[in-house]
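Me: I would like to go through the terms used for this model one at a time, and to ask in each case what justifies the term.

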Amino acid sequence: MGIYLNPDNEKYAEMLRGEVFVDHSLLIEKTNPLIRTPNKMLCISRPRRFGKSTDANMLTAYYSKGCDSSQIFNDLKISQTELYQKHLNQHNVIHLNMQDFLSETHDVEKMIQLVNDSVIWELLLKYKDLLYFDKTKLIRVLNDIYSQIQNSFIFIIDEWDCIFREYLGDKKAQEKYLDFLRNLLKDKAYVSLCYMTGILPIKKYGTHSALNMFKEISILNPTPLEEFMGFTEKEVEDLCLKYDMDYEKMKDWYDGYRMTDDLSVYNHRSVVYALMDRKYENYWSATETYEALKVYIDMNYDGLKDDIVKLLAGENVAVQTTSFQNDMTTFETKDDVLTLLIHLGYLGYNSSDQTCYIPNKEVIDSFVNSIRSSNWNETTKALLNSRALLEATWNREEELVAKYIEEAHLDTAILTYNNENALAYTISIAYIYARNHYTIIREMPSGKGYADMVFIPKGDKPALIVELKWNQEVETAINQIKEKKYYYGLEKYLDNLLLIGIIYDKKSKKHSCKIEKVN
């Protein structure tokens with residue numbers, strides 16, 4: 001049993017002793033058939049807080065010869081699978097957390113040397129009776145071990161991409177690190193499996209990837225590990241039942257990362273903290289990537305601000321992800337920035353139509369907090385006024401509502417404001433605080449048409465039907481709601497339902513509002 005070579009199972013055992021535990025051991029069922037096959041190299045990238053290190057520790061505990069983990073895994077789902085006993089603690093494992101090595105050295109070359117020396121130290125202790133051509137080079141030592149006694153190794157590498165997050169602009173250091181990993185892992189008989197995790201996909205440089213032997217599994221392409229990329233909705237529902245927490249609130253706060261059309265996942269950390277603290281709040285700001293959000297959203301490549309406004313308004317935005325260079329500095333277009341935000345977890349991704357979106361309330365809060373400290377003056381003012389606007393709406397203060405929407409009116413430098421759709425974006429931004437109390441539906445089928453915006457309450461607040469008009473009388477909007485019976489489907493709210501007409505006059509550049517309570 002060593003620190004890096006054949007570690008014990010204590011890190012994963014700690015997870016089982018924790019207050020909240022979800023059994024993801026069937027991930028092992030996906031990796032067992034890959035051992036010593038052409039598909040043995042996996043790189044799994046997903047956002048921070050999504051359980052990457054937990055999975056790495058689980059695989060180490062299961063495969064490592066340095067421990068007996070039967071008492072851990074005999075009660076987990078993996079114990080019911082065909083290859084469970086065949087691989088349980090039957091492999092030599094080298095487990096490396098690259099962030100630990102970088103934190104000790106603060107220099108890429110020194111980090112690589114520390115990895116080299118640390119693993120060699122433990123290998124020579126275990127295989128001291130073998131002959132070695134050069135005891136100072138890790139690859140040579142591993143080759144000598146394999147050639148003499150045919151021992152191969154499972155490599156589990158966590159935080160593989162720390163170099164690209166901490167040495168953003170040092171291309172030479174990044175290339176040295178990639179070359180080190182390639183030389184260590186590519187086409188080596190001593191590698192029986194490699195499971196590598198990080199936030200970013202594998203970095204490209206030149207005309208090829210230095211690590212093109214890996215199958216990449218990412219938040220953009222999670223197949224075949226979709227159900228292990230986060231907590232599934234069923235898992236969170238079961239946790240909420242067990243801990244007597246409101247599942248719908250948990251869903252509003254932390255759900256929304258779509259892996260497939262039928263599967264959506266939550267991030268691990270926020271769910272666990274919410275269960276432990278027994279409250280729902282933004283746990284994102286405690287992560288290192290939060291500080292970078294303001295930097296990225298302030299970039300205005302090719303109209304990025306327009307897209308951020310649409311995202312905050314609840315819209316999906318088309319994104320082309322293939323040009324992204326898998327680092328945090330090389331941006332040519334707004335698509336590159338949006339793709340990075342997907343990898344960091346600030347945006348979800350629909351692979352079916354190649355669009356991105358803001359997944360949940362926690363992330364909306366992160367965007368709002370970042371924008372408030374940015375130079376987005378118009379948007380910031382609308383966000384700050386949002387609560388007052390909602391209260392004015394409840395109180396049916398029509399002139400005050402029109403005033404707040406007027407102030408939320410985004411100028412043409414940010415969003416072209418010349419149709420009802422742009423007006424809807426403004427209204428959505430202005431009412432962003434309402435998401436604490438409502439589910440907001442755009443273009444909701446109702447009655448004899450589509451209501452522009454419907455606010456369905458989560459509690460005892462009044463339901464809202466909002467009709468938007470451009471260059472028309474405000475009474476026209478209210479009359480349309482009534483004539484087309486947009487309140488159909490909202491019958492249970494009829495004793496507490498407000499009809500709201502909001503008009504923009506292009507000539508006067510003024511908004512007006514009319515609010516009626518349904519009798």
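Reply: Two strands count as paired if DSSP finds at least two bridges between them. The model is a predicted one, and in it strand S17 (residues 497–505) is joined to S18 by eight bridges, the two running antiparallel, so by the criterion of at least two bridges they are a pair. One of the bridges can be named by its residues, since isoleucine 503 has serine 512 in S18 as its bridge partner.

Me: What makes S14 and S18 the edges of the sheet?

Reply: The sheet is open and has five strands in the order S14-S15-S16-S17-S18, with mixed pairing. S14 and strand S18 (510–517) each have a single partner strand, so one side of each is left without a neighbour in the sheet. Neighbouring strands are turned against each other by 25 degrees on average, with direction ignored.

Me: How do you know that S14 and S15 are paired, and which residue of S15 is the bridge partner of isoleucine 440?

Reply: Eight bridges join strand S14 (residues 438–446) to S15 in antiparallel fashion, where at least two are needed for a pair. The bridge partner of isoleucine 440 is phenylalanine 455 in S15. The two strands form a hairpin with two residues between them, and glycine 447 in the turn has a positive phi of about 60 degrees.

Me: How many bridges join S15 to S16, and is that enough for the two to be called paired?

Reply: Three bridges join S15 to strand S16 (residues 463–470), again antiparallel, and the criterion of at least two is therefore met. Methionine 453 stands opposite valine 466 in S16, and this hairpin has five residues between its strands.

Me: Why is S15 described as largely enclosed?

Reply: Eight of the nine residues of strand S15 (residues 449–457) are buried, so the strand is largely enclosed by the rest of the structure.

Me: Which helices lie against the sheet?

Reply: Helix H19 (residues 398–408) lies across S17 and S18, running at about 140 degrees to S18. Helix H21 (residues 474–483) packs on the sheet as well, touching S16, S17 and S18, and its direction makes about 140 degrees with that of S17.

Me: Why is serine 264 called buried?

Reply: Its relative accessibility is 9%, and the cut-off for buried is under 20%, so serine 264 counts as buried. The residue lies in strand S10 (residues 264–266), and among the residues it touches are Phe231, Thr232 and Tyr257.

Me: What makes the approach of serine 264 to aspartate 255 a polar contact?

Reply: The two side chains are in contact at 2.8 Å, whereas the limit for such a pair of N or O atoms is within 3.5 Å. The side chain of serine 264 also reaches the backbone nitrogen of glycine 256, at 3.4 Å. Glycine 256 itself, just after H12, takes a positive phi of about 115 degrees.

Me: How do you know that the buried residues of H12 line one face of the helix?

Reply: The buried residues of helix H12 (residues 247–254) are Tyr247, Met250, Trp253 and Tyr254. Seen down the helix axis they fall within an arc of 125 degrees, so they line one face. Their cover includes helix H11 (233–243), S10 and helix H13 (268–277). At the N-terminal end of H12, aspartate 246 acts as a cap, with a side-chain oxygen 2.9 Å from the backbone nitrogen of glutamate 248.

Key. Residues are numbered from 1 along each chain as its sequence is written. This is a predicted model: local features need pLDDT of at least 70, side-chain atom pairs count only at pLDDT 80 or more; totals for chains, interfaces and linings use all residues. Side-chain values use heavy atoms; hydrogens and water are left out. Buried means under 20% relative accessible area, exposed over 50%, partly exposed in between (1.4 Å probe, protein chains only). Helices (H or I, at least four residues) and strands (E, at least two) are DSSP runs, numbered from the N terminus. A polar contact is a pair of N or O atoms within 3.5 Å; within protein, one must be able to donate a hydrogen and the other to accept it, and residues adjacent in sequence count only if both atoms are side-chain atoms. Contact means heavy atoms within 4.5 Å. Axes are lines fitted to C-alpha atoms, for helices over the stretch in contact, and angles run from 0 to 180 degrees between N-to-C directions. The arc is that of the directions from the helix axis to the C-beta atoms. Lists of a residue's contacts leave out its neighbours within four places in sequence.
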